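Dear colleague,

Please find below the structure that I am handing over to you. My notes on it follow directly after.

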Amino acid sequence: DAAKSLARGLTAKMPARKEGRSQLAPALLWMNQHSGASGGRCDVLGAAMLQTVLKFPPDVIPQFVESVASMTPAETVSAACDAGGSRALEAFLGSPAHRPR
């Protein structure tokens, strides 16, 4: 329920999808920046929240897993080059919900 409430709260003030991709992960990673990934550093609190959410059981966080998996290459590189963002990506890669293809 916590993950669903967080997802609802994030999408209440923004479009849930952009160009067919979920915006939950970018909304958390760059939650205090209007320019998104192009604005530079990830939000420390948002990255920590995403990292924590990705530790939840896989059956309760599919929308967050799908969102991280559908990030653009530019968003992924921007997150990977940031200390907090890279920890969130590491949590995604270590999550049992992530299934390498």
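The notes below begin with the whole chain and then turn to helix 6.

This is a predicted model, in which local features need pLDDT of at least 70 and side-chain atom pairs count only at pLDDT 80 or more, while totals for chains, interfaces and linings use all residues. Residues are numbered from 1 along each chain as its sequence is written, and side-chain values use heavy atoms, with hydrogens and water left out.

The chain has six helices and two strands, taken as DSSP runs (helices: H or I, at least four residues; strands: E, at least two) and numbered from the N terminus. Along the sequence they follow the pattern α-β-β-α-α-α-α-α. Of the 101 residues, 42% count as buried (under 20% relative accessible area; exposed is over 50%, partly exposed in between; 1.4 Å probe, protein chains only). The chain exposes about 5900 Å² (Shrake-Rupley method, 1.4 Å probe), of which carbon and sulfur atoms supply 58%.

Helix 6 comprises residues 83-94; at 1.5 Å a residue, its twelve residues should span 16 Å (1.5 Å times one less than the number of residues), and the 17 Å between its end C-alpha atoms agrees with this. Asp82 caps its N-terminal end, with a side-chain oxygen 3.0 Å from the backbone nitrogen of Gly84.

Within helix 6, Gly84, Gly85, Ala88, Leu89, Ala91 and Phe92 are buried. They cover an arc of only 155° around the axis, so they lie on the same side of helix 6. On the other side, Glu90, Leu93 and Gly94 are exposed.

With kind regards

Technical notes
The arc is that of the directions from the helix axis to the C-beta atoms. A polar contact is a pair of N or O atoms within 3.5 Å; within protein, one must be able to donate a hydrogen and the other to accept it, and residues adjacent in sequence count only if both atoms are side-chain atoms.
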